[in-house]
Amino acid sequence: MKILSAAQLNEADKITMETEGISSMRLMERAASMVFGEIHERLEGADIAIKIFCGIGNNGGDGLVVARLLHKYGYKVSVYVVNYSDKRSDDFLVNYDRYKKESNTWPDLIKRAEDFPEVAPGDFVVDAIFGIGLNRPAEGWLAELLRHINQSGAFCLAVDMPSGLFPDKAPAKDAAVIKANYTLTFQTPKLVFYLPQTMHFAGEVQVLDIGLDRTFLKAVKPLAQLIGKREARQLYKARPKNTHKGDYGHCLVVGGSYGKIGSISLSARASLRAGAGLCSIFSPKCGYTILQTTLPEAMVITDKSEHELTNIETDFEPDVICFGMGAGKSANTVKAFKTLLGQIKSAMLIDADGLNMLSENKELLALLPKNSVLTPHPKELKRLIGEWEDDFDKMKKIETFTKKYKVILVLKGAHSFVFSGKHIYINNSGNPGMATAGSGDVLSGIIAGLMSQKYEPLVAAILGVYLHGLSGDICAEKLGYEAMLSGDISDNLGKAFLALMKDEKRG
């Protein structure tokens, strides 16, 4: 699903009205009616106080349509017009008059803090103040109003976007922003719903398809793409019947050090669960017995050193090398890594201490094979690219980094991001239970396992991140969040593949 900017969505509105021959009022009625439908479906006529805060632009017009329809169906509705300017949009004014006429009530006007209504914890608040039209931070009594709503404890539903939140830039740290429990957003998701700095403002997000022009939406270049089941499913390659293990590649997992052998065991198991035909593990001698015992499906090769990597050699050429988990950063290991980079031409996957070695020895970055996949968490990323001002600045720095070194970068998080030059892919699977030791090692193994099967590195990264999250979701259904282990994620990958290919219509 494409993620578009506010300017692109405004253009989509304009083109839709031209091609369909409809007015902006008609389009507003269509969109806001869908918001009403979602509210009505959930509340089912409940006797609950609904308090709708409307701005004086088109988002406020949406709110007035919702208020009118709720009143028509007998809900207990109070409407408050947030009078932050003397300017009103034409569609707002038309819907303001229509609401007054059909409800026989006047909305209350808020012009200062003394006008704030009481909002109780049991109320249902609809935020229709700004939407995507905000161009400057809320200040003065307006900022106080947003904080007043937040502090009330009431359930808050945002129409299109929580008020105070910009669609295409980060708010100041102390900015007043509505913290919605649920956001009903129009046509496409907004980028800020998935950024660590701002995602908590949106709560749960649902996208409403309001029927904007399909030709425009298909052609427009997005800010990013949200990867869900439909998108991930298109990336999957079905296996022909007449095949053997050699057709699915040989993955070499390299890493480990004394006390940190478990990490490469997790990665190797995940690579096999992801479909690699063969997996070998290269580790210090101290890992031999552990690895042969815990993972009999893998072959084990050991370094001459007992406790660290010093000379990475094999008698075969792997299809992909997954490097760095538990490797440590000793001088000998850095030297061995540099030698390996000088020998390998095909794309690698680099994680954990492999990333730390790159950060501390920046000259090694120039040796990275083209299209290698790096999988940092935020702290590892900061060591790679330096500090950033906000999430938007971070994305610009990542774009520069991936272009310079011709690599793919997977930034792990609640919504893991995959970066490839200017292209951004945002994962929409996974849950908080995956915040557990070894989860990243499993992800690295999954992506490497897909790469060994000749998935293009970018495709392997996007599909691997989705399957990792999907497997985590399957685990959470059985174990909850707290009891989940990273090994559970790997062990449920088979169910994740089956769920990916399941036709929901047929059950």
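Leu146 sits in helix α5, which covers residues 140–151. In this predicted model, Leu146 is buried, with a relative accessible area of 0%. Setting aside residues within four places in sequence, the contacts of Leu146 are with Ile129, Ala138, Ser163, Gly164, Ala176, Val177 and Ile178. Ala175 is 29 residues from Leu146 along the chain, and the C-alpha atoms of the two are separated by 10.0 Å.

Stepping back from that one residue, the whole protein has 18 helices and 18 strands. Its C-alpha atoms fill a box of roughly 85 × 50 × 45 Å along the principal axes. The protein has 507 residues, and 56% of them are buried. Its accessible surface comes to about 22,800 Å², and carbon and sulfur atoms account for 50% of that surface. As for how the chain meets itself, take the contacts between residues at least 6 apart in sequence: 72% of these join residues at least 24 apart.

Two serines give a closer look at the buried part of the protein. Ser271 belongs to helix α9, residues 262–273, and is buried, with a relative accessible area of 0%. Which residues does Ser271 touch, not counting those up to four places away in sequence? The list runs to Cys251, Ala276, Cys279, Gly445, Ile446 and Gly449. One of these, Ile446, turns up again further on, as part of the contact that α15 makes with α16.

The other serine, Ser280, is placed in strand β11, made up of residues 278–283. Ser280 is buried too, with a relative accessible area of 2%. Leaving out neighbours within four places in sequence, Ser280 is in contact with His250, Cys251, Leu252, Val253, Met299, Ile301 and Phe316. Cys251 is thus a contact of Ser280 and is also touched by Ser271. From Ser280 to Val254 the C-alpha distance is 8.6 Å, with their positions 26 residues apart in sequence.

Next come the helix pairs. Two packed helices are described by the angle between their axes and the distance between the axes. For helix α15 (residues 439–452) and helix α16 (residues 457–479), the axes come within 8 Å and cross at roughly 135°. That angle makes α15 oblique to α16, and the crossing is right-handed. On the α15 side, the contact is made by Ser439, Val442, Leu443, Ile446, Ile447, Leu450 and Met451. On the α16 side, the residues are Pro457, Ala460, Ala461, Leu463, Gly464, Val465 and His468. By class, the contact of α15 with α16 holds 11 nonpolar residues, 3 polar ones and no charged ones.

Another pair is found at the start of the helix numbering: α1, residues 6–20, and α2, residues 24–43. The axes of α1 and α2 come within 10 Å and cross at roughly 110°. So α1 is roughly perpendicular to α2. The crossing of α1 and α2 is right-handed. Asp13, Thr16, Met17 and Glu20 are the α1 residues that take part, and they meet Ser24, Leu27 and Arg30 of α2. What classes of residue make up the contact of α1 with α2? There are 2 nonpolar, 2 polar and 3 charged residues.

Finally, two loop residues have backbone angles to look at. Asp160 lies in the loop between β6 (155–159) and β7 (182–186). Its phi is near 75°, a positive value in a residue other than glycine. Is Asp160 buried or exposed? Asp160 is buried, with a relative accessible area of 7%.

Gln187 belongs to the loop between β7 and α6, the latter being residues 199–202. Phi of Gln187 is near 70°, again a positive value in a residue other than glycine. Gln187 is buried as well, with a relative accessible area of 9%. Strand β7 therefore borders the loop of Asp160 and the loop of Gln187, with both residues buried.

Note on methods: Residues are numbered from 1 along each chain as its sequence is written. This is a predicted model: local features need pLDDT of at least 70, side-chain atom pairs count only at pLDDT 80 or more; totals for chains, interfaces and linings use all residues. Side-chain values use heavy atoms; hydrogens and water are left out. Axes are lines fitted to C-alpha atoms, for helices over the stretch in contact, and angles run from 0 to 180 degrees between N-to-C directions. Helices (H or I, at least four residues) and strands (E, at least two) are DSSP runs, numbered from the N terminus. Angles under 35 degrees count as roughly parallel, over 145 as roughly antiparallel, 65 to 115 as roughly perpendicular and the rest as oblique. A crossing is left-handed if the near helix is turned anticlockwise from the far one by less than a right angle, and right-handed if clockwise. Contact means heavy atoms within 4.5 Å. Ala, Val, Leu, Ile, Met, Phe, Trp, Tyr, Cys and Pro count as nonpolar, Asp, Glu, Lys and Arg as charged, and the others, Gly among them, as polar. Buried means under 20% relative accessible area, exposed over 50%, partly exposed in between (1.4 Å probe, protein chains only). Accessible areas come from the Shrake-Rupley method with a 1.4 Å probe; for residues, only the protein chains shown count as cover.
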